[in-house]
2 protein chains.
Amino acid sequence: MRVTASPDTGYTGAHSPRLKAARRLTKRAFRQRERAFLAEGPQAVAEAFHCGTRVIDLFVTVPARSRHHDLITAMADAGIPVHVVSGEVMGELAQTVTPQGLLAVCGFVDVPLSEITTPASGLVALLANVRDPGNAGTVLRTADAAGAHAVVFADASVDPYNGKCVRSSAGSLFHLPVVAGARLEDAVAALRDVGLRIVAADGRAGRSLDDPEVQARLAGPTAWIFGNEAWGLPPELVALADESVAVPIYGRAESLNLAAAAAVCLYTSARAQRVRSEGEMGTWVEGQDGA
Amino acid sequence: MRVTASPDTGYTGAHSPRLKAARRLTKRAFRQRERAFLAEGPQAVAEAFHCGTRVIDLFVTVPARSRHHDLITAMADAGIPVHVVSGEVMGELAQTVTPQGLLAVCGFVDVPLSEITTPASGLVALLANVRDPGNAGTVLRTADAAGAHAVVFADASVDPYNGKCVRSSAGSLFHLPVVAGARLEDAVAALRDVGLRIVAADGRAGRSLDDPEVQARLAGPTAWIFGNEAWGLPPELVALADESVAVPIYGRAESLNLAAAAAVCLYTSARAQRVRSEGEMGTWVEGQDGA
């Protein structure tokens, strides 16, 4: 295993150029310039490596080096430079309360809009001005679980490479195509061109997601628009959609939070696309369960 | 409006007994002793007041006093002591980065298990060792939105009166009966006795939530068990249920996060209970939409 460490301390020096370069990537402007970001924790690091993401550097603490020996060895064998750092330096890079001792510098993974606007895209999530990185990462993870083909971070949405977004995506950032920085209007137009219906998730919509007619329409290729966690979707963005739909509120809550609403919408789509609308309650299509 | 404030500073003194008493409620042991907790922000405060919760004291900052004049006046008129505090004191009480200037000391709202174990309870969420207050509060909010009749914080689950749990419930703590500190086994037995089927949400289960047979069974009264955010439900808790069901993973994500999985399960139940299984895709039952 090729490991960079000072002969004095056993650690990569705090002034090492690689460490300095990594530290800068906690800031968006530097991420944009270098087209690289930080992925923290064994899950994210393993997913980055196994999904073929370009890993530029790997930073590990001494305890993590023994705990994740096989993964680190495999990465070192693949030619990825491994740097041993102190817990303190790791904490600074990881920006979490309890860093897990493993952090990779990865090349950007996002793709251009043209790559996802194909007739093969049956289910797409469009984030319109989603600002909270934890929410955005959770929706990305849920979209992946629901079998979505792509997620678009549109308009003023958070940077998908924000540390908290990467973390809450739980590896999904590396699983499915992500488009960063697209205009919502462009994404909608391009997806509609290849046959997707555009549906806005809007708590104020008159149509309920539980209306069977809505669900029947969701059996076709669909792109969902999800709005900001605090103020939802303004009318001019709702107007871009072919239909707007509300997750019904059956109790006394004023609304659902964004990630919960997106989970209900995306799974309703996934189910509608898998159940043929024949006979009672549809016919379960075998072998699409994923279980 | 009756307002307690020092004639010198315009603020309730930092050593005021009411403020000291409130400050102690940031700790669980004191909450248990006093059977009182802190609800922060205009939404939580308004919900507490309007839902008939006993509000013992109301703390407000000067900017919040003008911003929420009507609510504060109504609460003062109802005999609730209003104390004006500095932004600094509010920050200490609210334990948030951006306190909203309004905080109520409320009496506990939880109810005994016997109160929710009636045949009228058609949909109940049981939290089994859910430790993260943000997750627990979000599930409570989602359960409320899905029209659940009660939420049980069972076994080693987080305290529902934890500040972050109250905040992420977005008022739902005041909307539906909450049972705190029950044993899961007791809750399961009592709910089964009144006719509810017990379903465990378990990512490792062989049965998919999207199986129409599972959905047909969900049309009846159901209590869902949701497990810990990191390790899920251990086999001995899964064994308490009549059936265990997985939210299917159609993509490459390893799992869903707890709040997203609970949202999909609870809304699947809500839908199954509302759609009569007649004819194609069931018949939409009018007037249950809530829209």
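**Figure 1. A salt bridge joins chain B to chain A in this predicted model.** Start with the pair B:D210 and A:R271, which form a salt bridge. Their closest N and O atoms are 2.6 Å apart. How many salt bridges cross the interface of chain A and chain B? The rule finds two. Polar contacts add to the picture, with 22 residue pairs counted between chain A and chain B.

**Figure 2. Helices of chain A touch chain B.** Let us look at the side of chain A that touches chain B. The elements that give two or more residues to this side are α8 (133-145), α11 (212-217) and α13 (258-274) of chain A. Which element gives the most? That is α13(A), with eight residues. Sorted by class, this side of chain A has 20 nonpolar, 17 polar and 10 charged residues. The contact as a whole takes 47 residues from chain A and 47 residues from chain B. Between the two chains about 4,200 Å² is buried, and carbon and sulfur atoms give 57% of that area.

**Figure 3. The cysteines A:C51 and A:C265 stand without a disulfide partner.** How many disulfides does a search of the whole structure find? Over all chains the number is zero. Take A:C265: the nearest cysteine sulfur belongs to B:C265 and is 16 Å away, and A:C265 is in no disulfide. Now take A:C51. Why does A:C51 have no bond to A:C106, the cysteine with the closest sulfur? The two sulfurs are 10 Å apart, and a disulfide needs them within 2.5 Å, so this is too far for a bond. The surroundings of these cysteines can be compared as well: A:C51 is partly exposed, at 24% relative accessibility, while A:C265 is buried, at 1%.

**Figure 4. B:A187 is a buried residue of helix α10 in chain B.** Helix α10 of chain B covers residues 184-193, and B:A187 is part of this helix. Is B:A187 buried or exposed? Its relative accessible area is 0%, so B:A187 counts as buried. Other buried residues of α10(B) are B:L184, B:V188, B:A190 and B:L191. A helix feature is handy to know here: an α-helix has 3.6 residues a turn, so residues three or four places apart point the same way. Which residues does B:A187 touch, not counting those up to four places away in sequence? They are B:L113, B:L126 and B:V152. Another chain B residue to find in this view is B:F153, which is 34 residues from B:A187 along the chain. The C-alpha atoms of B:A187 and B:F153 are separated by 9.9 Å. After α10(B) comes B:G195, whose phi is positive, near 100°.

**Figure 5. B:A44 sits buried in helix α3 of chain B.** Helix α3 of chain B runs over residues 42-50 and holds B:A44. With a relative accessible area of 6%, B:A44 is buried. Leaving aside neighbours within four places in sequence, B:A44 is in contact with B:A39 and B:F174. B:E185 lies 141 residues from B:A44 along the chain, and the C-alpha atoms of these two residues are separated by 31 Å.

**Figure 6. A:N129 and B:A170 have positive phi values.** Most residues other than glycine have a negative phi. In A:N129, however, phi is near 60°, and in B:A170 phi is near 50°. Where do these residues lie? A:N129 is in the loop between β6 (123-128) and α8 of chain A, and B:A170 is in the loop between α9 (163-168) and β8 (178-182) of chain B. A:N129 is buried, at 15% relative accessibility. B:A170 is buried too, with a relative accessible area of 14%.

**Figure 7. The side chain of A:S86 reaches the backbone of A:V89.** Look for A:S86 in the loop between β4 (82-84) and α6 (87-94) of chain A. What does its side chain reach? The side chain of A:S86 reaches the backbone nitrogen of A:V89 at 3.1 Å. Apart from residues up to four places away in sequence, A:S86 touches A:Y11 and A:T61. With 17% relative accessibility, A:S86 counts as buried, because the cut-off is under 20%.

Conventions: Residues are numbered from 1 along each chain as its sequence is written. Chains are lettered from A and ligands numbered from 1 in the order in which they are written. This is a predicted model: local features need pLDDT of at least 70, side-chain atom pairs count only at pLDDT 80 or more; totals for chains, interfaces and linings use all residues. Side-chain values use heavy atoms; hydrogens and water are left out. Helices (H or I, at least four residues) and strands (E, at least two) are DSSP runs, numbered from the N terminus. Buried means under 20% relative accessible area, exposed over 50%, partly exposed in between (1.4 Å probe, protein chains only). Contact means heavy atoms within 4.5 Å. Buried area is the accessible area (1.4 Å probe) that two parts lose on being put together, summed over both. A salt bridge is a side-chain nitrogen of Lys or Arg within 4 Å of a carboxyl oxygen of Asp or Glu. A polar contact is a pair of N or O atoms within 3.5 Å; within protein, one must be able to donate a hydrogen and the other to accept it, and residues adjacent in sequence count only if both atoms are side-chain atoms. Ala, Val, Leu, Ile, Met, Phe, Trp, Tyr, Cys and Pro count as nonpolar, Asp, Glu, Lys and Arg as charged, and the others, Gly among them, as polar.
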